[in-house]
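Colleague: Could you take me through one part of this model in some detail? I'd like to look at the sheet and whatever packs on it.

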Amino acid sequence: MSVLFRIAVPADDTTDPQAVITARQLAAFRRYLRSEGDRIGIALIEPDEYLGDSFEARVCPLALAAVTAQFHHDPAVISVVEEAQFRGRRIAVHHDAADAAITMRVALTSDCGLELDLAYGNAYALLEALEIEAESVGEIALDTLRTRLSDPSTPARAAVRRVDHYLPRLERLLASAPDLDDARLVWA
């Protein structure tokens with residue numbers, strides 16, 4: 001089990017667009033992502049080594065029209081991909097075995113994958129180093145987090161807990177946050 005640290009914005013609390021796609025479209029989409037990933041030199045499918053019932057795909061480096069062409073420019077797919085690109089997010093594809101539906105929606109993870117996915121022990125140690133109560137679910141305002149990261153005693157507390165190597169990653173995640181007053185770091 002792990003704890004995912006990510007940036008949340010008010011748009012995350014709204015209902016995102018969702019599209020239902022076919023297995024044939026999904027297969028064509030996977031082929032397209034692999035070939036485009038090879039062409040531009042980055043992995044576009046996460047995780048690529050094992051595609052089970054769910055995966056995420058990067059769509060921000062790709063043209064909206066080229067991605068949606070894999071789905072015959074279905075308006076629902078256009079809505080999902082456009083929203084993901086606008087928000088700098090990945091798309092999530094999920095196959096529900098119970099009803100055989102394959103859905104696509106905007107993922108909670110950023111396109112660049114800057115989120116921290118830490119084992120419970122490391123997550124709790126990082127929270128303690130930041131002087132945040134070690135809970136498996138929580139949130140903190142970005143200004144408060146910036147203040148705690150700039151505190152000179154934070155790196156020392158993190159070093160004692162052996163999580164100091166996560167601080168630069170947390171700072172990169174924070175730097176990727178939009179300039180919204182209600183943006184926050186959440187973990188769950």
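**A close look at the sheet**

Modeller: Let's start with one pair of residues: Ile-45 has Ala-57, in S4, as its bridge partner. Keep in mind that this is a predicted model, with residues numbered from 1 along each chain as its sequence is written, local features needing pLDDT of at least 70, side-chain atom pairs counting only at pLDDT 80 or more, and totals for chains, interfaces and linings using all residues. Side-chain values rest on heavy atoms, with hydrogens and water left out.

Now zoom out a bit. S3 and strand S4 (residues 54–57) run antiparallel and are joined by two bridges; strands here are DSSP runs (E, at least two residues), and helices are too (H or I, at least four), numbered from the N terminus. Two strands pair if DSSP finds at least two bridges between them. Put together, five strands make an open, antiparallel sheet, ordered S2-S6-S5-S4-S3. Strand S2 (18–21) and strand S3 (45–46) are the edges, each with a single partner strand, so one side of each has no neighbour in the sheet.

Next come the helices. Helix H1 (residues 23–40) packs on the sheet and touches S2, S3, S4, strand S5 (89–96) and strand S6 (101–110), where contact means heavy atoms within 4.5 Å. The direction of H1 makes about 45 degrees with that of S4; axes are lines fitted to C-alpha atoms (for helices, over the stretch in contact), and angles run from 0 to 180 degrees between N-to-C directions. Helix H3 (residues 75–87) also packs on the sheet, touching S2, S5 and S6, and its direction makes about 10 degrees with that of S6.
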